[in-house]
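Me: I am new to this structure. Please walk me through some of its helices.

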Amino acid sequence: MAYPYRHERETRVLSEYFGDPEARTLEGWKKRGGYESLKKALAMAPAEVVDIVKNSGLRGRGGAGFPTGVKWTFMPKDDSRQPHYLLINADESEPGAFKDRELCRWTPHQLIEGALIGAYAIRAKHVYIYMRGEFFEPAQIVGRAIEEAYSAGIAGGDVMGSGTAIDVTLHLGAGAYICGEETALMNSLEGRRGQPRIKPPFPAVMGAFGKPTTINNVETMCAVPHIVKNGAEWYRQWGTEKSPGTKLFNMSGHLVRRGNFELPLGFNLRELIYDVCGGIRDGRELKAVIPGGSSVPILAAHEIDIAMDYESVAAAGSMLGTASVIVMDDRTDMVKQVRRMVEFYAHESCGQCTPCREGTAWLARILRRIEGGYGRPEDLDTLLQVGSNMTGTTICVLSDSAAAPVASSIAKFRNEYDALIRRAEPAAAAV
Amino acid sequence: MSRLGEGEKAYLMAEQKTPVLGNPGFAGETGEFEHLTEADVRGTAYVGRRPPEGRDAGGAASYAYQLASKDPGARLFEGPYRERAEKIKSRYPEPQGALLPLLNLAQEIRGHVDAEAMALVAEELGLSPTYVRGVATFYTMYNMQPVGDYLIQVCTNVACNLCGADDVMDAFVRGVGAEAGEISFDRAFTVIEAECLGACGFPTAVQINERYFENVTPAEVPHILERLRAERPIRRREPSREEAAPVPAEGEPVPVPEDPGSPGRTTGPESNPYAGGDRTPPAASRPPAADRPSGEGQG
């Protein structure tokens, strides 16, 4: 079977060659116009490349949505005394997200080309692709593509005969969600525990190995060659003024068609679910949607008439995040799913900050108690209070991410919690 | 509003019927994952052709490959592994950067990371063993205890959970006949729950050693286990008489051999000349083969 599903409303820029094994090889990629952008970029000054990306309005696809070109300008301009690093974040572990894996699996050269352009633009001599350890197959494919690029003189001491030296190293993590956070990723790359660092100093000043560093997501870097090739205006034909371009929407949960669909930012969420993905499985009704991976507040069924861009989703009280849409039908046990998400965060908390270490564990414990039928009437208030103490009080946002689904699910599906607690009361009193 | 093409209808119908191993396993329905053989991974070319010296320091560091034939008694960082370790170290500006890749390498060879492996890695990089332990225990992929030949990780996080991951987990636990986290009696399997594997569009995602099995349904689980049992590498070395002798009576708890380096668990020198070293006796000194315990069908 070809790549799972395609839809006529898709705008395929990054995902054009998904399902096409030939595009994985250097030859196949060159045949499809690959490495033309790199050649074009090498003929320009690094600052010009930064300008194109800046003007395109490309925003980081890793979740925060920070403008990529602006991030690149933070790097020191004429500092040749110390090495600079470009890190590619392929530590995709957000529940719901599965776009980077597909990008690495199907279009490794797209990633390498983007990485080399990025490295040239910020004058980095070494690119590290930090991939999560579980992604063995994508690692093998990207590793092979790096080999090919070196053999063809595309990466290495003399990038395409330009005299610029850029090395590319694939580095595998070992199973820690928190390493997707940029400073934790740097710690992990340096061979430390993956605990986030306090900012400042920001990575562009003191990042990996204490040197100026920029970290970009795989999807961001995959978009760069297309922008360099076709220009900033071309990229702006899609999306909104503040969120231009296309985005891979990772659709999972109770959908007829699951998978990655590339659409312009600002696409309507309802159409995304009911048209592109074919609606809810087994003819069920929609109950809730998580629009951006498990770390963002949950939306109820009546809240899905929103445009999927960074601003509109934020205005609706949630976040676009990685655009990982998890769809839940009317049979979903909301308490159980929230408990499962919170257990994940309790497991993945790095243990550095007390509100997160204690908070995630207590949230999980209280939710288990409610789900198990021993909930107490005051539990919901405790959950909300713990959650609010976990928000904005820690080094990174893992703690906030754990609190978000709890607070939003209590706000929107309080009846489910109440039903469990009401049923539990006699039993709890008897204990 | 749904627009379902004919092909997709047929696909959904076929999906509901759950054909016997309709799931090709490797990379879901989409890829053509090459399952590397032991010979492919044990070599030096595996981490790149470029020499460790000179400025071409790119390429992959290490792949955290999980071999089905684990060799807990193997020597680390010797023979071709020495060259691999050197290559890995050359790719980082500071030696400590190579810590995770070297632990990956140790786990690839031995199947788990024990105290001795951590000490060796520490020595290799000039770190203290306790520091290495502190790092290794932070990451979930390092097995602190030996695991079965196939480590089965079932994703039960939200996206898979919505689509019945708990049932798949139960099916694996039943099919293997051991509690989650325990090694099965035939030492073939260890089943654990995993956090999100990053394949949410293909629930339930299951990682078995380094392979992803996608769209796994409970009905498919027995077939997957059957296939893994058939694929399981043939042990070159029979268990010693002492090992094979105590057959537990029914109802008694199954004893798990304490020493992971026991000869019954290691592959012979003929299959991996770099492993074992003087820890394993030469083939001639081994006692004659005894009957293998049940479940070791490939014996």
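Reply: A residue is buried if 20 or more other C-beta atoms lie within 10 Å of its own, exposed if 12 or fewer, and partly exposed in between, with C-beta atoms placed from the backbone. Helices (H or I, at least four residues) and strands (E, at least two) are DSSP runs, numbered from the N terminus. This is a predicted model, where local features need pLDDT of at least 70, side-chain atom pairs count only at pLDDT 80 or more, and totals for chains, interfaces and linings use all residues. Residues are numbered from 1 along each chain as its sequence is written, and chains are lettered from A and ligands numbered from 1 in the order in which they are written.

Me: How are the buried residues of H5(B) placed around its axis?

Reply: Helix H5 of chain B spans residues 115–125. Its buried residues are Ala117(B), Met118(B), Val121(B), Ala122(B), Glu124(B) and Leu125(B). Seen down the axis, they fall within an arc of 160° (taken from the directions from the helix axis to the C-beta atoms), so they line one face of the helix.

Me: Which residue follows H5(B), and what is its phi?

Reply: Chain B's H5 gives way to a glycine, Gly126(B). Its phi is positive, near 70°.

Me: How does H13(A) run relative to H16(A)?

Reply: H13 covers residues 334–348 of chain A, and H16 covers 398–412. Their axes, lines fitted to C-alpha atoms over the stretch in contact, come within 10 Å and cross at roughly 170°. Angles run from 0 to 180 degrees between N-to-C directions. Under 35 degrees counts as roughly parallel, over 145 as roughly antiparallel, 65 to 115 as roughly perpendicular and the rest as oblique. That makes H13(A) and H16(A) roughly antiparallel.
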